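Trainee: I should like to understand how the descriptive terms applied to a model are justified. May we go through the reasoning term by term?

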Amino acid sequence: MTDFVQLWVYLSSTPLFGLTATLAVYVLAQAVYERLDRAPLANPVLWSVVAIGVVLLATGTPYPAYFAGAQFVHVLLGPAVVALAWPLWQRRSEVRRRGGALGVAALVGGTAAAASAVGLAWLFGLPDDVLRSLAPKSVTAPVAMGIAERIGGVPALAAVFAVLTGIVGALSAKYLFDALRIRSWAVRGFALGTASHGIGAARAIQVHPDAGAYAGMALGLQVVLTALLMPLFF
Amino acid sequence: MSALRGLALLLLLQAAGEGLTHALSLPFPGPVVGMVLLLVALQWPPVREPVAAAAQLLLDHLSLLFVPVGVGVITHLGIVARHGLQLAVIVVVSTWLGLAVTALVLRGLQRDDDAP
């Protein structure tokens with residue numbers, strides 16, 4: 001047993017652990033997701049996060065030790081966001097035709113999400129720094145952190161809310177759209193990218209290429225709108 | 001090889017985006033500026049094939065890239081637990097409202113092409 005503990009202590013202190021755990025657990029979660037016909041509740045981000053989180057907490061491994069390896073996956077988020085221009089470019093004439101409507105929908109929808117989050121937090125009497133960390137939750141985690149910092153929130157908390165928002169959207173959007181009889185893949189994808197940023201977009205890409213393209217554009221648009229407008233309100 | 005050339009190009013554009021945001025103190029993150037730069041660069045045909053290959057690779061596995069940040073939730077379990085129910089209501093209600101309002105506004109503005 002002590003041998004195992006020593007081995008664990010060694011492994012968990014090298015970047016190999018975080019990288020291996022991230023890839024291995026995700027590959028497994030993705031396989032289960034495929035087996036279940038990509039059911040929203042089997043979302044691979046959610047279950048990978050839960051599985052790795054439980055292992056870290058159970059073994060007392062600190063998050064930075066995990067991140068030392070996981071950062072090699074994390075850095076690819078940057079070029080992935082740049083790459084979102086590709087599906088958009090492929091649909092450029094269609095996007096240009098819809099431009100005005102897309103801008104209005106992004107602005108109104110993004111405002112509805114942020115205002116309702118802040119309003120409810122105020123109603124519940126949550127601490128001011130928590131309230132300010134909730135405001136940018138519709139944009140992808142790294143961006144939400146930067147905006148939260150500028151408007152007096154807690155960056156790490158903003159990242160947590162952004163991740164939870166993304167997961168809630170990815171899990172439930174299908175049922176909500178079905179209930180509202182929204183059938184257009186473009187509209188469904190655009191709404192997912194607006195309200196649930198990259199995690200929503202990742203789900204949209206898996207469901208339909210049109211949904212993915214519009215989700216990618218929506219998340220970019222939401223980042224620009226949030227970064228420009230949110231500091232004006234706080 | 002094509003995907004690798006594409007990845008190098010994406011990283012270069014991200015770096016250019018980071019440079020621009022710093023130089024002009026723009027409030028946007030570098031990768032989003034890089035995304036706009038790529039839209040411009042795609043006018044030039046030789047970049048299209050490598051970018052398509054790299055984009056396919058990265059975007060097919062976009063979910064994976066959110067796992068490291070997601071696991072970070074464990075660092076704030078305390079506050080999440082303290083205001084658990086209220087935070088759950090806030091996150092769920094505001095996300096649904098955001099999804100529904102965006103979709104309904106977009107559909108309302110272009111009723112004609114709400115085809116699957």
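The exchange below sets computed values against the criteria behind them.

Mentor: Please bear in mind that this is a predicted model.

Trainee: What makes the secondary structure of chain B helical?

Mentor: Chain B has seven helices and zero strands. Read from the N terminus, its elements follow the order α-α-α-α-α-α-α.

Trainee: How do you know that the radius of gyration of chain B departs from that of a compact globule?

Mentor: For 116 residues, a compact globule would have a radius of gyration near 13 Å, whereas chain B has 20 Å. The C-alpha trace of chain B spans about 50 × 45 × 30 Å along its principal axes. Of the 116 residues in chain B, 42% are buried. Among the contacts in chain B with a separation of 6 or more, 44% join residues 24 or more positions apart.

Trainee: How do you know that the span of helix H2 of chain B agrees with the expected one?

Mentor: Helix H2 of chain B covers residues 30-41, that is, 12 residues. The expected span is 1.5 Å times one less than the number of residues. That rule gives 16 Å for H2(B), and the end C-alpha atoms are 16 Å apart, so the two agree.

Trainee: Which residues of H2(B) are buried, and against what do they pack?

Mentor: The buried residues are B:Gly30, B:Pro31, B:Val32, B:Val33, B:Gly34, B:Met35, B:Leu38 and B:Ala41. Their packing partners in chain A are helix H5 (77-83), helix H6 (85-90) and helix H12 (209-233). Within chain B, they pack against helix H1 (2-23) and helix H3 (48-60).

Trainee: Why is A:Gln71 called partly exposed?

Mentor: A residue is buried with 20 or more other C-beta atoms within 10 Å of its own, and exposed with 12 or fewer. A:Gln71 has 16 C-beta neighbours inside 10 Å, and therefore counts as partly exposed. A:Gln71 lies in helix H4 (residues 63-74) of chain A. From A:Gly169 it is 98 residues away in sequence and 25 Å away in space, C-alpha to C-alpha.

Trainee: What makes up the contact between chain B and chain A?

Mentor: The contact takes 64 residues from chain B and 92 residues from chain A. On the side of chain B that touches chain A, the elements giving two or more residues include H1, H2, H3 and helix H4 (62-65) of chain B. H7(B) gives the most to that side, with 21 residues. By class, the side of chain B that touches chain A has 48 nonpolar, 14 polar and two charged residues.

Terms used. Residues numbered from 1 in each chain as written. Chains lettered and ligands numbered in written order. Predicted model: local features only at pLDDT ≥ 70, side-chain atom pairs only at ≥ 80, totals over all residues. Helix = DSSP H or I, 4+ residues; strand = E, 2+ residues; numbered from the N terminus. Rg over C-alpha atoms; globule rule 2.2 N^0.38 Å. Contact = placed C-beta atoms within 7 Å. Nonpolar A, V, L, I, M, F, W, Y, C, P; charged D, E, K, R; others polar.
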